[in-house]
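Trainee: I have a new structure open and I'd like to learn how to read it. Could you walk me through it?

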Amino acid sequence: KISYGYNLSNYYTTHIKTYWEETTNGHGVTEGGSSGSPLFDKNSGLVIGTLTGGSSSCQNLNESDVYGRVWYHWDRNGS
């Protein structure tokens, strides 16, 4: 499940805040060392974000993660 929050602040134009849902075989989370891992668009399969921070873990199942938007990295950070 992804929370986009478009009108909340400028922060959400540069990042995507995610909350992981429970599945039949466990619960989605990230752990230390996952920074830079991709977030895929479920329709196109394209990478839309890279993990830049967050609090989810095996001990914090209901915490969020934050992915930097790929288009913003590409367009705004220069060469």
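Trainee: Let's start with one residue. Is Asn62 buried or exposed?

Mentor: This is a predicted model, so keep in mind that we're reading a prediction. Asn62 has a relative accessible area of 65%, and because the cut-off for exposed is over 50%, Asn62 counts as exposed.

Trainee: Where does Asn62 sit along the chain?

Mentor: Look at the loop between β6 and β7; that's where you'll find Asn62.

Trainee: And which residues does Asn62 touch, if I leave aside neighbours within four places in sequence?

Mentor: Tyr19 and His27 are in contact with Asn62 on that count. You can also check the C-alpha atoms: those of Asn62 and Glu21 are 8.3 Å apart, with their positions 41 residues apart along the chain.

Trainee: Now the strands on either side of that loop. How many bridges join β6 to β7?

Mentor: There are 5 bridges, and the two strands run antiparallel, with β7 covering residues 64–69. On the other side, β6 (residues 47–54) is joined by 3 bridges to β5 (residues 38–40), again antiparallel.

Trainee: Can I follow one residue across? Which partners does Thr50 have?

Mentor: Sure. In β7, Thr50 has Gly68 as its bridge partner, while Pro38 stands opposite Thr50. That makes Thr50 a handy place to start when tracing these strands.

Trainee: What links β5 to β6 along the chain?

Mentor: They form a hairpin, with 6 residues between the two strands. In the turn, look for Gly45, whose phi is positive, about 80°.

Trainee: Next, the rings. How do I read an aromatic pair?

Mentor: You describe a pair of aromatic rings by how far apart the centres are and by the angle of the planes. A search of the whole structure turns up 2 such pairs. In one of them, the ring centres of Trp20 and Tyr67 are 6.3 Å apart and the planes stand at 75°, so this pair is edge-to-face.

Trainee: Which parts of the chain does that pair link?

Mentor: Distant ones: Trp20 is in the loop between β2 (15–19) and β3 (22–23), Tyr67 is in strand β7, and they are 47 residues apart. Their surroundings are worth checking too. Tyr67 is buried at 2% relative accessible area, whereas Trp20, at 24%, is partly exposed.

Trainee: And the other pair?

Mentor: That one is Trp71 with Tyr72, also edge-to-face, with 5.5 Å from centre to centre and 85° between the planes. Trp71 is partly exposed at 44% relative accessible area, and Tyr72 is partly exposed at 26%.

Trainee: Let me zoom out. What pattern does the protein chain follow along the sequence?

Mentor: Reading along, you get β-α-β-β-β-β-β-β-α, which comes to 2 helices and 7 strands. Of the 79 residues, 22% count as buried. The chain exposes about 5,500 Å², and carbon and sulfur atoms supply 50% of that.

Trainee: What share of the contacts comes from residues 24 or more positions apart?

Mentor: Among contacts with a separation of 6 or more, they account for 43%.

Trainee: Last one: what is the mean pLDDT of the chain?

Mentor: The mean is 81, and 82% of the residues reach 70 or more. Over residues 4–8, though, the pLDDT is below 50, and that stretch has 6 contacts in the model beyond near neighbours in sequence.

Note on methods. Residues numbered from 1 in each chain as written. Predicted model: local features only at pLDDT ≥ 70, side-chain atom pairs only at ≥ 80, totals over all residues. Heavy atoms only, no water. Pairing = 2+ DSSP bridges. Helix = DSSP H or I, 4+ residues; strand = E, 2+ residues; numbered from the N terminus. Phe/Tyr/Trp six-rings, centres within 6.5 Å; stacked < 30°, edge-to-face > 60°. Buried < 20%, exposed > 50% of the residue type's maximum accessible area, 1.4 Å probe, protein only. pLDDT = per-residue confidence, 0-100. Contact = heavy atoms within 4.5 Å. Areas by Shrake-Rupley, 256 points an atom, 1.4 Å probe, with all protein chains shown as cover.
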